[in-house]
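Colleague: Could you take me slowly through one part of this model, and then connect that part to whatever surrounds it? I would like the packing first and the backbone details afterwards.

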Amino acid sequence: DAADKIIREIKPKGIIFMGGNVSIFKENFAAIGVPSVLATITSDELHFDNLSMVGIDDRKAGYDAVSYLTRHGHRQIAVLGGPASSYPSQKRREGAIAAMEDAGIQFDPGLFGLSNYDFESAYHAMNALLAQGRRFTAVFAMSDTMAFGAIRALVSAGRRVPEDVSIIGFDGIAMSLYCIPVLTTVRQPSELIARRSVELLVNQIEHCTPGRTVVVDAEILEGDSVRTLAP
């Protein structure tokens, strides 16, 4: 609806969408007649000639995050993530479960904490896991802000990070470098995503090129929030 209004009132030559709901794009994007780019999300469910996508492979990134934890000896791993309606959360969860399976670990649905991408809901989700007496030595948080909320809940409950519980975040925002401990996180190359999004949109507008999907690499930035468990 917002995009329709912008097209009617401003008449832009193109639009860059910052994320969004994949199912909503599937249902409604056909009405958008201008060149467009979906930044931070790539999906094989979207097929529109005037839509490009730029982002990481969320499933692989979730896999890499949990593999990092398993390589450090963790087998009881909690996951904080968004609802199934969130495409990135869905894919990151799929990757996390696949990484556990490849490490010989059966995913425990009771160790999944449902959270929005903010401090408060992650804080409450972690408190709920602790109140239920769930046992875990590590946490994969699907955003850095979730990780910060989880750390606050753990510390308030008398758990030390990483001595008692290790945690890995996601996004690589600047604040992750300044929290205590420095957060280990999966970094999305936001500047590269922004640059490629603009390049694709300009090409679509000026040269009528069809939409393309560009997948960029995420990387793990090692901080001090994950410790190695003794075998």
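**Helix 3 and its surroundings**

Modeller: The buried residues of helix 3 pack against strand 4 (77–81), helix 4 (87–102), strand 6 (138–141), strand 7 (166–171), strand 8 (184–187) and strand 10 (219–221). This is a predicted model, and everything that follows should be read in that light. The residues of helix 3 that are buried are D58, A61, G62, A65, V66, S67, Y68, L69 and T70. As for its length, helix 3 covers residues 58–71, and at 1.5 Å a residue its 14 residues should span 20 Å, which agrees with the 20 Å between its end C-alpha atoms.

Among the partners of helix 3, helix 4 deserves a closer description. The axes of helix 3 and helix 4 come within 7 Å and cross at roughly 45°. Because angles from 65 to 115 degrees count as roughly perpendicular and those under 35 degrees as roughly parallel, the two helices, helix 3 and helix 4, are classed as oblique to each other. The crossing of helix 3 with helix 4 is right-handed. On the helix 3 side the contact is formed by D58, R59, G62, Y63, V66 and S67, and on the helix 4 side by P88, K91, R92, E94, G95, A96, A98, A99, M100 and D102. Sorted by class, this contact of helix 3 with helix 4 has seven nonpolar, three polar and six charged residues.

Turning to helix 4 itself, its 16 residues reach 23 Å from the first C-alpha to the last, close to the 22 Å expected at 1.5 Å a residue. Buried in helix 4 are Y87, P88, S89, K91, R92, G95, A96, A98, A99 and M100. These buried residues of helix 4 pack against helix 2 (22–28), helix 3, strand 4, strand 6 and strand 7. Strand 4, strand 6 and strand 7 are thus partners of the buried residues of helix 3 and also of the buried residues of helix 4. Helix 4 is followed by G104, which has a positive phi near 80°.

A second helix pair can be set beside this one. Helix 5 (residues 119–131) and helix 6 (residues 144–156) have axes that come within 7 Å and cross at roughly 45°, and helix 5 and helix 6 are therefore oblique to each other. Their crossing, that of helix 5 and helix 6, is right-handed. Helix 5 contributes F119, A122, Y123, M126, N127 and L130 to the contact, while helix 6 contributes T145, M146, F148, G149, A150, R152, A153, L154 and S156. By class, the contact of helix 5 with helix 6 has 10 nonpolar, four polar and one charged residues.

S115 belongs in this part of the account, since S115 lies in the loop between strand 5 (112–114) and helix 5. With a relative accessible area of 2%, S115 is buried. Leaving aside residues up to four places away in sequence, S115 touches G81, G82, P83, S121, A122, A125 and M146. A122 of helix 5 and M146 of helix 6, both named in the contact of that helix pair, are therefore also touched by S115, where touching means heavy atoms within 4.5 Å. The C-alpha atoms of S115 and L192, which are 77 residues apart along the chain, are separated by 28 Å.

The backbone details come last. Most residues other than glycine have a negative phi, and most peptide bonds are trans. T40, which is not a glycine, nevertheless has a positive phi of about 85°; T40 lies in the loop between strand 2 (36–39) and strand 3 (51–55), and at 26% relative accessibility T40 counts as partly exposed. D171, likewise not a glycine, has a positive phi of about 125°. D171 is found in strand 7, a strand against which buried residues of helix 3 pack, and at 23% relative accessibility D171 counts as partly exposed.

Two peptide bonds are cis. One joins V161 and P162, with omega about 10°, and P162 is found in the loop between helix 6 and strand 7. The other runs from I180 to P181, with omega near -5°, and P181 lies in the loop between strand 7 and strand 8. L177 also has its place in the loop between strand 7 and strand 8, and at 53% relative accessibility L177 counts as exposed. L177 and L221 are 44 residues apart in sequence, and their C-alpha atoms are 9.7 Å apart in space.

Conventions
Residues are numbered from 1 along each chain as its sequence is written. This is a predicted model: local features need pLDDT of at least 70, side-chain atom pairs count only at pLDDT 80 or more; totals for chains, interfaces and linings use all residues. Side-chain values use heavy atoms; hydrogens and water are left out. Axes are lines fitted to C-alpha atoms, for helices over the stretch in contact, and angles run from 0 to 180 degrees between N-to-C directions. Helices (H or I, at least four residues) and strands (E, at least two) are DSSP runs, numbered from the N terminus. Angles under 35 degrees count as roughly parallel, over 145 as roughly antiparallel, 65 to 115 as roughly perpendicular and the rest as oblique. A crossing is left-handed if the near helix is turned anticlockwise from the far one by less than a right angle, and right-handed if clockwise. Ala, Val, Leu, Ile, Met, Phe, Trp, Tyr, Cys and Pro count as nonpolar, Asp, Glu, Lys and Arg as charged, and the others, Gly among them, as polar. The expected span of a helix is 1.5 Å times one less than its number of residues. Buried means under 20% relative accessible area, exposed over 50%, partly exposed in between (1.4 Å probe, protein chains only).
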